[in-house]
Amino acid sequence: MSAKVISVANEKGGVAKTTSTAAIGSVLSRMGHTIILVDLDPQSDLTISLGVEPKERNIHDCIFEHRKLKAWPINENLVLVGGSPELTPIDFLDNLKKDEEYQYENPRMIIKHLLEQAKQKCDYIILDCPPNLEIITQNALLASDYVLIPSEAHSFSINGVENIIDQISRFKKKANPDLEALGIFLTRYRTNTRSHEDLVEYFNKNHPDIFLKTYIHENITIQEATHSGRELEEHDLFKKKKSMIKKKEPFKGLQDYRSLVNEILNRI
Ligand SMILES: Nc1ncnc2c1ncn2[C@@H]1O[C@H](COP(=O)(O)OP(=O)(O)O)[C@@H](O)[C@H]1O
Ligand SMILES: [Mg+2]
C-alpha cells in the first residue's frame, strides 16, 4: 500500500479549501477508504472544524518532536494531524535552522519525508494548504501526487487559480515530475448568476481537461458542518435525525461532495 497524496491548494482564502478537505475526507472514509487529513494552515480551521483541540498531535510537534505523524481519530477510517500556529513560514524556517537534525535537509522536502512512513498505512493523505504559495504550500506540492484547486464561483478567482496552475507546472518540471493537477472545481455556486456563468465559460475555454463537472453549491448544510465540529457525513445524519420530515437521501451539500468524490476517483 502506498497512499496517494492530494494537496488542496489555492493562494486565495475563503474559497473552501478547508471545507472541501474535510468533506472529501469524510465522504472517502465513509466509502471505506482509509484517510489521513493534515492541517497545514497555522489558523488551524480544519482542526477546529472537526472538533479537535490542536494542542497536541499537531503538525509542528510531528515535524520537530516526534519526527513522524501522530494523529487524532475522527471516525474509524479517518484521522487528523492537527494544525499549529507555529507553522507560519517565518517560524517554520526559523525552527528548521535551530534543529540540528534538519541542518542539511532541503526545507521544501520536510513534509514529504515526514509522510513517507504514514503512506504505507492508508489509502489517501489530504493536505489542507494555507492561503499562500510560500514554503509550507511548496512542501505540500513536493509531497503530493495531485493538487485539487477549489475556486470560489466569482471572476475575481481567476488569478488565484492561474497562479497555482503555474506553480504546479514549475514544480513538475523542476522538482516533482509526478505532480498532476487533479481538477479545478467551483464552490459556493449559485445558479443563474452572471459572474458565475462567466467563470464557467473561462474555465471551459482555458482548462477544459481539468475543469470538473461537479459544482459545489452555496449550501447551509455545508456551512453548518464547518462550524459544528462534525464531519459532513456525520452532520448529514445528525440533521436527518433532528428533522421532522423523514428523509432517506442526503441533503444537497453532501450530495454535491459525494458527486465530486466520484468524479475525483475516476481521475486517480
Ligand atoms: N458550499 C458552501 N456553502 C456555504 N458556505 C460555504 C461553502 N463552502 C465553504 N463555505 C464557508 O465559507 C467559509 C470559508 O471556507 P473555508 O473552507 O474556510 O475556505 P479556505 O480554507 O479556502 O479559506 C467558511 O465559513 C465555510 O463554512
Ligand atoms: Mg482554510
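Which residues of β6 are buried on one side, and which on the other?

## Strand β6

On one face of β6 sit Tyr-146, Leu-148, Pro-150 and Glu-152, on the other Val-147, Ile-149 and Ser-151, and all of them are buried (20 or more other C-beta atoms within 10 Å of a residue's own, against 12 or fewer for exposed and in between for partly exposed, with C-beta atoms placed from the backbone). In a regular strand the side chains alternate between the two faces of the sheet. With 7 of its 7 residues buried, β6 is largely enclosed by the rest of the structure.

A word on the source: this is a predicted model, where local features need pLDDT of at least 70 and side-chain atom pairs count only at pLDDT 80 or more, while totals for chains, interfaces and linings use all residues. Residues are numbered from 1 along each chain as its sequence is written, and chains are lettered from A and ligands numbered from 1 in the order in which they are written.

## The sheet around it

β6 belongs to an open sheet of 8 strands with mixed pairing, in the order β3-β4-β2-β5-β1-β6-β7-β8. Strands here are DSSP E runs of at least two residues, helices are H or I runs of at least four, and both are numbered from the N terminus; two strands pair if DSSP finds at least two bridges between them. At the edges stand β3 (72-75) and β8 (211-217), each with a single partner strand, so one side of each has no neighbour in the sheet.

Parallel to β6 runs β1 (residues 4-8), joined to it by 3 bridges, and Val-8 has Leu-148 as its partner there. β6 also pairs with β7 in the parallel sense, over 7 bridges, one of them matching Ser-151 with Leu-186. Over at β3, 3 bridges lead to the antiparallel β4 (residues 78-81), where Pro-73 is partnered by Val-79.

## Helices α9 and α10

The axes of α9 (residues 220-228) and α10 (residues 232-242) come within 9 Å and cross at roughly 110°. Axes are lines fitted to C-alpha atoms, for helices over the stretch in contact, and angles run from 0 to 180 degrees between N-to-C directions. That makes the two helices roughly perpendicular (65 to 115 degrees; under 35 is roughly parallel, over 145 roughly antiparallel, the rest oblique).

## Ligand 1

Of the 17 residues around ligand 1, the nearest are Lys-17, Thr-18, Thr-19, Gln-223 and Thr-226 (near means a C-beta atom, placed from the backbone, within 6 Å). Elements giving two or more residues to this shell are α1 (17-30), β7 (180-189) and α9.
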